[in-house]
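Q: Got a minute to go through this one with me? I'd like to start with the rings.

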Amino acid sequence: MKRKVPLSTELYLGLFLLGMLLILGVFARDFFSLNNTMSMLNRFSYLLIAAIGMNLIIITSNIDVSAGNIISVVCLTLAALGKLDLGLPVLLPASMLMGMFLSLINALFITQFRIPAIVATLATAQLFSGILPLVVEGSLYDLPASFTWLAFDAKIFGIVPGSVLIMLIITIIALVFMKYSRFSKKIYAIGNNREAARLSGIKIKQIIIITYVIAGALFGVSGTIIATASQRVTTTMGTGLEMTFIACVVLGGTSVAGGSGKILGTVFGAAVLSVIAPAVNYLGISSDWSDAIMGAIIIAAVIVSALHLEKRKRAAPAAGGGDA
């Protein structure tokens, strides 16, 4: 008797996304207007880029609930630079450096002071959100055209947002990096069994710090896409986005316990969540329902992840017994 091959998370998400798009195509055809489609692609771009960074962190069995606040800081920093009429060649590297610096602070709290990741990043989230209103009153506005160049002028074939090209480049690099690099193997090893990773010679603190810094750079890129889409940047542009990033990752099949997860799954997770919120708004449903749906998705994904983890734990002793 042939053993059944379980369907992958990516396939389930792909089928769910396809079904959702078909339903919208039948009952809300205007939903796929050019402007709305390009807006969704732009949203997909910044969600996926940041979610890839979050995926790396969660695989190490850590988390970052300050990501949205980091993006808010990045957006305000870029707006201040934008006032000087500086273009994307300056803004993008600046945003990455700012994201890396803020994520480095998180990583040092976690590794050097041994503060649990959820506590450390919750504290820095409050810190960042508390400082911003003291530095800027409300928002920075009347930004020059050079600041919004990425959103309004950088178009692929004159139609597709330039952010999509950035997303594609980062996604391809991430896929290759996670499949072939030795560093990615160390990330998985730490998430699977930290003590075993330490005994095998992996420098755990160093790897976690680098992982957070890489994620911070990606948060910075995401912040650039968000900030440059408007000539007005507020102190709360990234507030709450960290939950969406986490949802993309967990929905994509990454274990909340760490040690497993694929970039491809995160791609599908981000795609699904990029459609849900605009669809809810387009259908005239209260935005509160969008948040409720997001919460339900996170809960369902966490339950599935926990069941898979429990199944792996049960299988491990059985496998060991078979070898003995």
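Q: Which residues form one aromatic cluster?
A: Phe31, Phe32 and Tyr282. This is a predicted model: local features need pLDDT of at least 70, side-chain atom pairs count only at pLDDT 80 or more, and totals for chains, interfaces and linings use all residues. Residues are numbered from 1 along each chain as its sequence is written, and side-chain values use heavy atoms, with hydrogens and water left out.

Q: How many aromatic pairs does the structure hold?
A: Five (Phe, Tyr or Trp rings, the six-membered one for Trp, with centres within 6.5 Å; planes under 30 degrees apart are stacked, over 60 edge-to-face, the rest tilted). Phe31 and Phe32 have ring centres 5.3 Å apart and planes at 85°, so that pair is edge-to-face.

Q: Phe31: buried or exposed?
A: Buried, at 0% relative accessibility (buried is under 20% relative accessible area, exposed over 50%, partly exposed in between; 1.4 Å probe, protein chains only). Phe32 is partly exposed at 33%.

Q: What about Phe177 and Phe183?
A: They form a tilted pair, 5.9 Å centre to centre with 40° between the planes. Phe177 is partly exposed at 26%. Phe183 is buried at 17%.

Q: Switching to charges. How many salt bridges?
A: One (a Lys or Arg side-chain nitrogen within 4 Å of an Asp or Glu carboxyl oxygen). Arg198 bridges to Glu195, with the closest N and O atoms 2.4 Å apart.

Q: Where do Arg198 and Glu195 lie?
A: Both are in helix 9, residues 194-199, three residues apart (helices are DSSP runs of H or I, at least four residues, numbered from the N terminus). Arg198 is partly exposed at 46%, and Glu195 is partly exposed at 42%.

Notes:
Helix = DSSP H or I, 4+ residues; strand = E, 2+ residues; numbered from the N terminus.
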